[in-house]
Amino acid sequence: MLQPRIALRSLRLPLRCLPTIPPRAFSTSTQKQAETPSLSPAEPSSSTFDPSISFAPPPTREDSGAKLRTYTPRTPGVRHLRRPINDHLWKGRPVHKLTFPKRGHAKGGRNNSGRVTVRHHGGGHKRRIRIVDFNRDAPGPHLVERIEHDPGRSAHIALLRCKATQKASYILAADGMRAGDVVQSYMAGIPEELWKSMGGSVDPGVLAARTAWRGNCMPLHMIPVGTLVFNVGLYPGKGGQLCRSAGTYATVISKGSNVLANAAAQERQEPEPEVEAEADGEGEAKPKPKKRMSQREKQKLERIEQHVTIRLQSGEVRLIHKDCCATIGVASNPNYEYTQLGKAGRSRWLNIRPTVRGLAMNAMDHPHGGGRGKSKGNVDPKSPWGLPAKSGYKTRPKWKVNKAVVVPRVRNQGKRRRGYN
């Protein structure tokens, strides 16, 4: 007869000598040495004003470096997976009324006629596009309810709630911004309470100490020189367009306020020119003509007066109109550059299709394709459409073409060349 199977769950053996083994963690946190600018999260919130602390300080470079999370290699796909640690992010869903589905458009890199205009796009996980407020025209204090992840960008976004109207909106989060902070926008002008505290006139020191806090949005002419900003606008009245990616920022170098007025005042205060010793035939002396500012010089000074100079991270120096918007601080998620996807499938989840080298294609698919072995057939580097891809094409300066000298034609020149008289 078959013996009945004994249930091992009900079997209790006296294994008192075995120690209890703690559960093994699936992920661990590592620290990567890197000089990544990040604002210290231990700074006080902008909801309270402390006169002993000046405006938002520049980002500090901590000794610990970038903090990344690694995973136990239970599968090959997570062996090289590296992600920045962002435990402060919201774990739930976004506000539904501030999103709309991403269906069809911009999914496969095609335009309205169905032609592929951007290669290597297609597929990807289902997303909802977040409606982010880049203008920030609403004045008054706004409470930061939470920091969320946006699948459409590398930086994080913050959910704001206006204290006056209780209206919710998404903005780009600054590095170090947390739930409970209070931010404000000064695009509509200086509040009446701040005017009274300054005595009815603009005091640059008090204005900077009360307004230039991390996460506040204001025109460029209100931002002190040397401050780090992000989400910088290009045109007055429009939203931010520069420095919106994770960890990016620009530096305010100089502001040309009252340059034209100072130049005109200096011109009026110049001493009168000396009278020439020479005299004309009538014996009257002639004064030297006073040199005035030309129209081009006035236009140049007006342009400097109406613009603010900023330096981007690439080293480019740009002139931006003084009424354009900018946000104090550095864009959030600065450790995003150290992310490692770990496997090709994770790229497909992000709407990224494979990129194939032209050398590995057939001759009909690419100018570098075909041939025997690893060779592009002694062909200069070209794009898939046959245009030069390197050697400074479209970047080197155009050579000046000398105009052809027109030589007058002589009669019967051809006959004399043939031996005719």
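A contact here means heavy atoms within 4.5 Å. On that basis, residues 24 or more positions apart account for 64% of the contacts with a separation of 6 or more in the protein chain. The model behind these values is a predicted one. Its protein chain carries six helices and 19 strands. Of the 421 residues, 31% count as buried, and the chain exposes about 29,800 Å², with carbon and sulfur atoms supplying 52% of that area.

Now for the interior. In soluble globular proteins, nonpolar side chains tend to be buried together. The largest nonpolar core in this model has 42 residues, and the members touching the most other members are M177, L220, I223, V229, V232 and I310. Strands feed this core from many points along the sequence: β6 (140-148), β7 (157-162), β8, β11, β14 (250-255), β17 (307-311) and β19 (325-328) each supply at least two residues. V229 makes a handy entry point. Leaving out residues up to four places away in sequence, V229 touches I223, Y249, A250, V252, A326, T327, I328 and G329.

Just along the chain sits N231, in the loop between β11 (228-230) and β12 (232-233). Is N231 buried or exposed? N231 has a relative accessible area of 2%, so it counts as buried. With neighbours within four places in sequence set aside, the contacts of N231 are F134, L172, G240, Q241, L242, C243, R244, C325, A326 and T327. Two of the residues in that list, F134 and R244, also meet each other: the charged end of R244 sits over the ring of F134, 4.1 Å from its centre. A further arrangement of this kind involves R146, whose charged end sits over the ring of W90 at 4.3 Å from the ring centre. Ring-on-ring pairing is another story, as the count of aromatic pairs comes to zero.

Strand β8 (residues 168-172) holds S169. This serine counts as buried because its relative accessibility is 18%, and the cut-off for that label is under 20%. Beyond residues up to four places away in sequence, S169 touches L98, A158, L159 and L160.

On the helical side, α2 (residues 204-211) has L207, A208, A209 and T211 buried. What covers these buried residues of α2 includes α1 (192-197) and β10 (217-219). Elsewhere, P334 lies in the loop between β19 and α5 (344-349). P334 is buried as well, with a relative accessible area of 12%. P334 and T248 are 86 residues apart in sequence, yet their C-alpha atoms lie 7.6 Å apart in space.

Turning to charged side chains, how many salt bridges does a search of the whole structure find? The search finds five. One of them joins R69 and D87, with the closest N and O atoms 3.3 Å apart. This pair links distant parts of the chain, 18 residues apart: R69 belongs to strand β2 (residues 66-71), and D87 to the loop between β3 (82-84) and β4 (99-101). The two partners sit in unlike surroundings as far as solvent goes: R69 is partly exposed at a relative accessible area of 22%, whereas D87 is exposed at 54%.

A second salt bridge runs between R161 and E145, where the closest N and O atoms are 2.9 Å apart. Again the pair links distant parts of the chain, with R161 in strand β7 and E145 in strand β6, 16 residues apart. Here R161 is partly exposed, with a relative accessible area of 24%, and E145 counts as partly exposed too, at 32% relative accessibility.

R153 and D150 also meet through their side chains in a salt bridge, at 2.7 Å from N to O. Which of these partners is shielded from the probe? D150 is buried, with a relative accessible area of 3%, while R153 is partly exposed at 23%.

Definitions and conventions. Residues are numbered from 1 along each chain as its sequence is written. This is a predicted model: local features need pLDDT of at least 70, side-chain atom pairs count only at pLDDT 80 or more; totals for chains, interfaces and linings use all residues. Side-chain values use heavy atoms; hydrogens and water are left out. Rings of Phe, Tyr and Trp (its six-membered ring) pair if their centres lie within 6.5 Å; planes under 30 degrees apart count as stacked, over 60 as edge-to-face and the rest as tilted. A charge sits over a ring if NZ of Lys or CZ of Arg is within 6 Å of the ring centre and within 35 degrees of the ring normal. Helices (H or I, at least four residues) and strands (E, at least two) are DSSP runs, numbered from the N terminus. Buried means under 20% relative accessible area, exposed over 50%, partly exposed in between (1.4 Å probe, protein chains only). Accessible areas come from the Shrake-Rupley method with a 1.4 Å probe; for residues, only the protein chains shown count as cover. A nonpolar core is a set of buried Ala, Val, Leu, Ile, Met, Phe, Trp, Tyr and Cys residues joined through side-chain atoms within 4.5 Å. A salt bridge is a side-chain nitrogen of Lys or Arg within 4 Å of a carboxyl oxygen of Asp or Glu.
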